[in-house]
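Work through the exercises below with the structure in view. Each task is followed by a stepwise solution.

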Amino acid sequence: MAAFYEQNLKNMHKVLENPDVLKSISTSKTNEGGLGSRLQTASVSSSLKVEDPTSGLNPAPELIKRMEKYKGYSDNAERSRQDMINRIKKEKGSSEETSEVEGESNGLMTPTGKEDIGKRLMGDISEALGLTDAQAAGIVGNFAHETMDFKFLQEIEPTVPGSKGGRGFAMWTGPRRKQFEAWSKENNLNPDSYEASFGFFIHEVQTTSEGRFIEEIQEAETAEEAARIFSKSYLRPGKPMMSSRVDRANYYIGAQ
């Protein structure tokens, strides 16, 4: 369409510079290109300002809505990450044994109780990703299943013999485990801490294709539905043991 307007504009300039050119343009072509009305307007002034034909056009409202939504996710995630970093800096020098939820180097979470960790995680996930309590509970229920109710952040019996197994809330394995550990080191976080697992989870959701489950889970109306979506689309376990994940998700939504 832009090329069409550009060609018409060139023809108009030719006519303005040399009226005899008009004789070489057939009446049908003149009408087809809309030059008749344009020439009448051109006769008023020899200088015409032709606006970009695409100016003033807005993207589809749905596209705008999505972009604003994703921007909101990103802003919330960055604030959450910064809050974690600030808390860690503030508490720097304190013993890991006295930390409320920071993990020990052996992969064990300090004994604060699964409800305390789970409820905190629900609130943080809900705020960072803009999810309802039920949707966040579906995610937390999965993490609770993976970590045996947040007791272990290192897989006890790796599925692949001889491998390091999974690590963190999601029991990230293989390349994702390496990425998790590298991200933790880059941000000066203990890989076996709450902050590391939560922070990497948000990082992965916001900056990689692993966040593709977000739109689907936002449609979930119950913790069970959210748990099933998250397990299938994000964790993708070999043996889902879905009843365990769903039971934990329902526990956390009931604990609110």
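**Exercise 1. Burial and backbone in two loops**

Task: Find out whether Phe150 is buried or exposed, and do likewise for Asn188.

Solution. Step 1: Phe150 has a relative accessible area of 3%, so Phe150 is buried. The cut-offs are under 20% relative accessible area for buried, over 50% for exposed, and partly exposed in between (1.4 Å probe, protein chains only). Step 2: place Phe150 in the loop between α6 and α7. Helices (H or I, at least four residues) and strands (E, at least two) are DSSP runs, numbered from the N terminus. Step 3: read the backbone. Phe150 is not a glycine, yet its phi is positive, about 65°. Most residues other than glycine have a negative phi. Step 4: turn to Asn188, in the loop between α7 and α8. Its phi is also positive, at about 55°, and Asn188 is not a glycine. Asn188 has 67% relative accessibility, so Asn188 counts as exposed.

This is a predicted model, in which local features need pLDDT of at least 70, side-chain atom pairs count only at pLDDT 80 or more, and totals for chains, interfaces and linings use all residues. Residues are numbered from 1 along each chain as its sequence is written, and side-chain values use heavy atoms, with hydrogens and water left out.

**Exercise 2. Confidence**

Task: What is the mean pLDDT of the chain?

Solution. Step 1: the mean is 75, and 54% of the residues reach 70 or more. The pLDDT is the predictor's confidence in each residue, from 0 to 100. Step 2: mark the weak stretches. Residues 35-39 are below 50, with 12 contacts in the model beyond near neighbours in sequence. Residues 41-50 are also below 50, with five such contacts. Contact means heavy atoms within 4.5 Å. Step 3: where pLDDT is low, the predicted coordinates should not be read in detail.

**Exercise 3. Fold and core**

Task: How many helices and strands does the chain have, and which residues have the most contacts inside the largest nonpolar core?

Solution. Step 1: count 11 helices and zero strands. Step 2: of the 256 residues in the chain, 40% are buried. Step 3: the largest nonpolar core holds 43 residues, and Ile125, Phe143 and Phe201 have the most contacts inside it. Such a core is a set of buried Ala, Val, Leu, Ile, Met, Phe, Trp, Tyr and Cys residues joined through side-chain atoms within 4.5 Å. Step 4: the helices that each supply at least two core residues include α5 (114-129), α6 (133-146) and α8 (194-207). Step 5: beyond four places in sequence, the contacts of Ile125 include Ile139, Phe143, Phe198 and Phe201.

**Exercise 4. α6 and Arg245**

Task: Why is α6 described as largely enclosed, and which side chain makes a polar contact with that of Arg245?

Solution. Step 1: α6 is largely enclosed by the rest of the structure because 13 of its 14 residues are buried. Step 2: check its span. α6 reaches 20 Å from first C-alpha to last, close to the 20 Å expected at 1.5 Å a residue. The expected span is 1.5 Å times one less than the number of residues. Step 3: just after α6, Met148 takes a positive phi of about 55°. Step 4: locate Arg245 in helix α11. Its relative accessibility is 1%, so Arg245 is buried. Step 5: its side chain makes a polar contact of 2.9 Å with that of Asn142. A polar contact is a pair of N or O atoms within 3.5 Å; within protein, one must be able to donate a hydrogen and the other to accept it, and residues adjacent in sequence count only if both atoms are side-chain atoms. Step 6: further contacts of Arg245 include His145, Glu146 and Ser231.
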